[in-house]
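Please follow the strand pairing in the model shown here, and then turn to its surface.

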Amino acid sequence: MAKRLIPTLNRVLVEKILPPSKTTAGILLPEKSTKLNSGKVVAVGPGARNKEGKTIPVAFKEGDTVLLPEFGGSQIKLGDKEFHLYRDEDILGTLHD
């Protein structure tokens, strides 16, 4: 049974991107060099409300690759996958090719 988490307010559900642990030639990379603080946006909440009650939309959309802070967010496990939940303002930016 598949579960789908829809974040509330201005929260963003992110699946962290795991970099390869070895090169294509088979050379093992040290753990520090494989650490990336990026992830793929899986789901986005509807946005927070301002004082007048108007919704302020979230700056990210599903499928975006984002730069994450080193610390923060809430770790969530759904099935055998691990996700992280961040507030919109905690995400540092989007990454483009």
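In this predicted model, Leu78 stands opposite Lys81, a residue of strand β7. The two strands concerned, β6 with residues 74–78 and β7 with residues 81–87, run antiparallel and are joined by five bridges. Together β6 and β7 make a hairpin with two residues between the strands, and in this hairpin Gly79 takes a positive phi near 65°.

The hairpin belongs to a wider arrangement, since six strands form an open sheet whose order is β6-β7-β1-β2-β5-β8, with antiparallel pairing. At the edges of this sheet stand β6 and β8, the latter spanning 93–94, and each has a single partner strand, so that one side of β6 and one side of β8 are left without a neighbour in the sheet.

Away from those edges, the order of the sheet places β1 beside β2, and here strand β1, residues 11–16, pairs with strand β2, residues 38–44, in the antiparallel sense over five bridges. Within this pairing, Val14 stands opposite Val41, which lies in β2.

The surface offers a further feature to examine, for Leu67, Leu92 and Leu95 form a nonpolar patch there, and the accessible area of these residues together is about 270 Å². One of them, Leu92, is found in the loop between β7 and β8. Is Leu92 buried or exposed? Leu92 has a relative accessible area of 58% and is therefore exposed, because a residue counts as exposed when this value is over 50%.

Terms used. Residues numbered from 1 in each chain as written. Predicted model: local features only at pLDDT ≥ 70, side-chain atom pairs only at ≥ 80, totals over all residues. Heavy atoms only, no water. Pairing = 2+ DSSP bridges. Helix = DSSP H or I, 4+ residues; strand = E, 2+ residues; numbered from the N terminus. Patch = residues over 30% accessible without salt bridge, like charges linked within 9 Å, V, L, I, M, F, W, Y side chains within 5 Å. Areas by Shrake-Rupley, 256 points an atom, 1.4 Å probe, with all protein chains shown as cover. Salt bridge = Lys/Arg side-chain N within 4 Å of Asp/Glu carboxyl O. Buried < 20%, exposed > 50% of the residue type's maximum accessible area, 1.4 Å probe, protein only.
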